[in-house]
Amino acid sequence: MTDELMGVILAAGKGTRMRPFSEHWPKPILPVLGKPLMAYQLEMMAALGIRRVVVVIGHLGHEVVRALGDGSRYGVSIDYVEQEEMLGIAHAVSRLEPHVDRPFFLFLGDIFFVTENLAGMVERFHRGGGQGGVLACKREPNLEAIKRNFVVLTDEHGVVHRVIEKPRHPRTDLKGCGIYLFDLSFFDAVRRTPRTAMRNEYEITDSIQIFLDDGYRVEAAEVVKADMNVSYPADLLELNLLLLQQSGRGEFRGDGVRLGRGAELSKCVAMDGAEVGDGARLSECLLFPGARVPAGRVRARSIFTADAEIRCGGDSE
C-alpha cells in the first residue's frame, strides 16, 4: 500500500453515440460482465497500491455515484468532483487541481484497457526524478484508429518530444491510449491550454505539448495491449462477448436471472435480475440488469434493457 500516487478518472461525458443507453446510463458505468466499466479501472489502480481516487462526474453524475459508492468494494476511496460544462478533457482535468495533492494516474473512464506491467509507468516516472509524466501507449496497426486518437513522437530512448491529436498523416504507429501519469506541475500547463479550433474544446494533447515545451520530461511506455473505446451499442456487446470468451465460460448469469420454460441462452451475458420469457432463444446477446425478453423471442446479437431492444447486426427467425 502506498500514498505516493493518486488516481483520477474522468467520467463526465454524455456519450451521445451510445443512445438510448446514455439517457439512463453514463458510459463509464455501462455493465461489463457483471460490473460497471469503470470498476475495472478502479481495480487496476488498487493493484498499483493507489487508495485515493477522484472521479470527475457530469452527465447523470448521481448514477455514477450510486453505482460506485465510496469505492470500498474496489479497494479504493472515491471523492467526486463535478464538471459543470463539457468542454474537453483538459477542462475536466482543470477541475481537479484543488483536489489533487500528489502525482496522479489519469484514466479516461469510457475505455476498457488491457495492460501489461502498468507499474512500469511508475518506474519510468521515478527514473525521471518524479517530475514530468509518462504516457501509456501501444503500437497500433490500424491507421484509422490512430487518426481517431493521438500519436506520440519520441526519440530512441522513448522520451516524448511531440504529441499530435487526430493526425491526418500519422508519422508513427505509437498511439496514446487514455492512461497518463503526471506530476502536479502538469496543472500549470493545463491552466494555459487554449480552446482548439477543431472542436472548440480544451484538448489534453495541447496541455501535454505545452508541458513538453516548458521543458518537462515526458516518456512513452508501451504498456497497453488493447484499448476498447465503448462508443456505440455494438461496442458494448462486443466487449462483453470478448470477456465472456476469455473467461472460458459459455454464458454469464448474474444474481436472480430467471429463465422461462424452454428458454435457451447461448454465449449470452445476462446481468442481475434479467428475465427471459418462455421459449425465447438468444445467442450472443447482452441483457442489462432488470432486462425483460418477451416469450418466444428469437434473437442473435441484440442488447435488451428493461424497456428496449437494440439490434447489433444479428438475425432473428
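Is K175 buried or exposed? In this predicted model, K175 is buried, with a relative accessible area of just 3%. That value falls under the 20% cut-off, so K175 goes into the buried class. K175 has its place in strand β11, a run that covers residues 174-182. Its side chain isn't left without a partner: a polar contact of 3.0 Å joins it to the side chain of E140. Setting aside neighbours within four places in sequence, the residues in contact with K175 are A136, C137, K138, E140, A145, I146, N149, F150, V152 and D227. So much for one end of the strand's story; another residue of β11 is worth a look too.

F182 also lies in strand β11. Here the relative accessibility is 0%, so F182 counts as buried. Not counting residues up to four places away in sequence, F182 touches P103, F104, L106, F125, G132, G133, L135, I204, I208 and F211. To get a feel for distances in the model, take F182 and D272: they sit 90 residues apart in sequence, and their C-alpha atoms are 38 Å apart in space.

Next comes strand β8, which spans residues 133-139. This strand is mostly covered, with 6 of its 7 residues buried. What does β8 pair with? On the one hand there is β11, joined to β8 by 6 bridges, with the two strands running antiparallel. Within that pairing, R139 stands opposite L174 of β11. On the other hand there is strand β12 (residues 218-221), which is joined to β8 by 4 bridges and runs parallel to it. In this case V134 of β8 faces a partner in β12, namely E219. As a rule, strands of a sheet pair through backbone hydrogen bonds, either parallel or antiparallel.Helix α7 (residues 204-213) is another mostly covered element, since 8 of its 10 residues are buried. The buried ones are I204, T205, S207, I208, Q209, I210, F211 and L212. Three residues of this helix, I204, I208 and F211, turn up in the list of residues that F182 touches. After α7 comes G215, whose phi is positive, near 100°.

T205 leads on to E165, a residue of strand β10 (residues 160-165). A polar contact of 2.8 Å links the side chains of E165 and T205. The side chain of E165 makes a polar contact with the side chain of K166 as well, again at 2.8 Å. With a relative accessibility of 19%, E165 counts as buried because the class takes in values under 20%.

Further along the chain, 5 strands make up an open sheet. Their order is β14-β17-β20-β23-β24, and the pairing is mixed. The edges are formed by β14 (252-253) and β24 (309-311), each of which pairs on one side only. Inside the sheet, strand β20 (residues 286-287) and strand β23 (residues 302-304) run parallel and are joined by 2 bridges. One such bridge involves L287, whose partner in β23 is F304.

Two loops in this part of the chain hold residues with an unusual sign of phi for their type. K267 is not a glycine, yet its phi is positive, at about 55°. This residue lies in the loop between β16 (264-266) and β17 (269-270). E284, not a glycine either, has a positive phi of about 50°. Its loop is the one between β19 (281-283) and β20. E284 is partly exposed, with a relative accessible area of 25%.

Finally, there is the second largest pocket, which holds about 330 Å³ of space. Its lining is made up of 17 residues, and those closest to the centre are W25, I29, P36, A67 and P289. Two elements give two or more residues to this lining: β3 (35-36) and α2 (61-68). The largest share, 3 residues, comes from α2. By type, the lining residues of the second largest pocket divide into 9 nonpolar, 5 charged and 3 polar.

Notes
Residues are numbered from 1 along each chain as its sequence is written. This is a predicted model: local features need pLDDT of at least 70, side-chain atom pairs count only at pLDDT 80 or more; totals for chains, interfaces and linings use all residues. Side-chain values use heavy atoms; hydrogens and water are left out. On a 1 Å grid over the protein atoms alone, a cavity is a set of points where a 1.4 Å probe fits but cannot get out, and a pocket is an open set with protein on both sides within 12 Å along at least five of seven lines; lining residues have an atom within 4 Å of a point. Grid points are joined across faces, edges and corners, and a volume is the space filled by probe spheres set on the points. Ala, Val, Leu, Ile, Met, Phe, Trp, Tyr, Cys and Pro count as nonpolar, Asp, Glu, Lys and Arg as charged, and the others, Gly among them, as polar. Buried means under 20% relative accessible area, exposed over 50%, partly exposed in between (1.4 Å probe, protein chains only). A polar contact is a pair of N or O atoms within 3.5 Å; within protein, one must be able to donate a hydrogen and the other to accept it, and residues adjacent in sequence count only if both atoms are side-chain atoms. Contact means heavy atoms within 4.5 Å. Two strands pair if DSSP finds at least two bridges between them.
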